[in-house]
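Have a look at the structure below and turn it around a few times. We'll walk through it step by step, beginning with one residue and working outwards.

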Amino acid sequence: WKFINSRKYLIIPNNKADGVFRLSDKEHESAEEIYKTKGTISYEFYPCGGIGWGVKLHVLDTGEVIDITDIDSW
């Protein structure tokens with residue numbers, strides 16, 4: 001796997017993200033740090049009461065689940 005920063009080229013018309021999940025800068029930094037320290041991760045996006053979307057990371061080697069949701073970005 002290879003992470004590619006495609007956010008600089010991503011165009012979302014009218015600021016609508018229909019069907020597209022994006023990490024905030026804070027969430028992205030948290031995910032990178034966890035990946036570097038704990039190993040391979042997977043992402044889970046989940047609804048948060050109609051307010052926004054949360055992000056959980058699953059560390060594949062240890063089975064840990066870490067919530068990195070940045071509620072300040074809602």
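In which segment does Asp70 lie? Asp70 sits in the segment after E3. Keep in mind as you look that this is a predicted model. Asp70 is a slightly odd case: it is buried, yet it has no salt bridge. The nearest side chain of opposite charge belongs to Lys26, and it is 4.1 Å away. Since the cut-off for a salt bridge is 4 Å, that pair doesn't count as one. What does Asp70 touch, then, leaving aside its neighbours within four places in sequence? Its contacts are Ser24, Lys26 and Glu27.

Now zoom out to the whole chain. The protein has one helix and three strands, and reading along the sequence gives you the pattern α-β-β-β. Of its 74 residues, 23% are buried. Take the contacts with a separation of 6 or more: 25% of them come from residues 24 or more positions apart.

Next, follow the helix, H1, which covers residues 25-38. You can check its length yourself: at 1.5 Å a residue, its 14 residues should span 20 Å, and the end C-alpha atoms are indeed 20 Å apart, so the two agree. Which residues of H1 are buried? They are Glu27, Ala31 and Ile34. These three cover an arc of only 65° around the axis, which means they are on the same side of H1. There's a neat rule behind this kind of spacing: an α-helix has 3.6 residues a turn, so residues three or four places apart point the same way. The face turned away from the buried side carries exposed residues, namely Asp25, Glu29, Lys36 and Thr37. And what do the buried residues of H1 pack against? Their partners are strand E1 (41-48), strand E2 (52-59) and strand E3 (65-67). After H1 comes Gly39, whose phi is positive, near 110°.

That brings us to the inside. The largest nonpolar core has eight residues: Leu23, Ala31, Ile34, Ile41, Val55, Leu57, Val59 and Ile68. H1 and E2 each supply at least two residues of this core, with E2 giving the most, three residues. Pick out Leu57 and see what surrounds it. Not counting residues up to four places away in sequence, Leu57 touches Ala31, Ile34, Ile41, Ser42, Tyr43, Glu64, Val65, Ile66 and Ile68.

Glu64 turns up again in our last stop. How many salt bridges does the structure hold? There is one, and it is where the side chains of Lys38 and Glu64 meet, at 3.1 Å from N to O. Lys38 lies in helix H1 and Glu64 in the loop between E2 and E3, so the pair ties together parts that are 26 residues apart in sequence. Are these two tucked away? Lys38 has 35% relative accessibility, so it counts as partly exposed. Glu64, at 30%, counts as partly exposed too.

Stay with Lys38 for a moment. Besides Glu64, its contacts include Val59, Asp61 and Ile66, once neighbours within four places in sequence are left aside. Compare its place relative to Leu60: 22 residues separate Lys38 and Leu60 in sequence, while their C-alpha atoms are 8.9 Å apart in space.

Technical notes:
Residues numbered from 1 in each chain as written. Predicted model: local features only at pLDDT ≥ 70, side-chain atom pairs only at ≥ 80, totals over all residues. Heavy atoms only, no water. Helix = DSSP H or I, 4+ residues; strand = E, 2+ residues; numbered from the N terminus. Expected span 1.5 Å × (residues − 1). Buried < 20%, exposed > 50% of the residue type's maximum accessible area, 1.4 Å probe, protein only. Arc of directions from axis to C-beta. Contact = heavy atoms within 4.5 Å. Core = buried A, V, L, I, M, F, W, Y, C linked by side-chain atoms within 4.5 Å. Lys, Arg positive; Asp, Glu negative; His and termini not counted.
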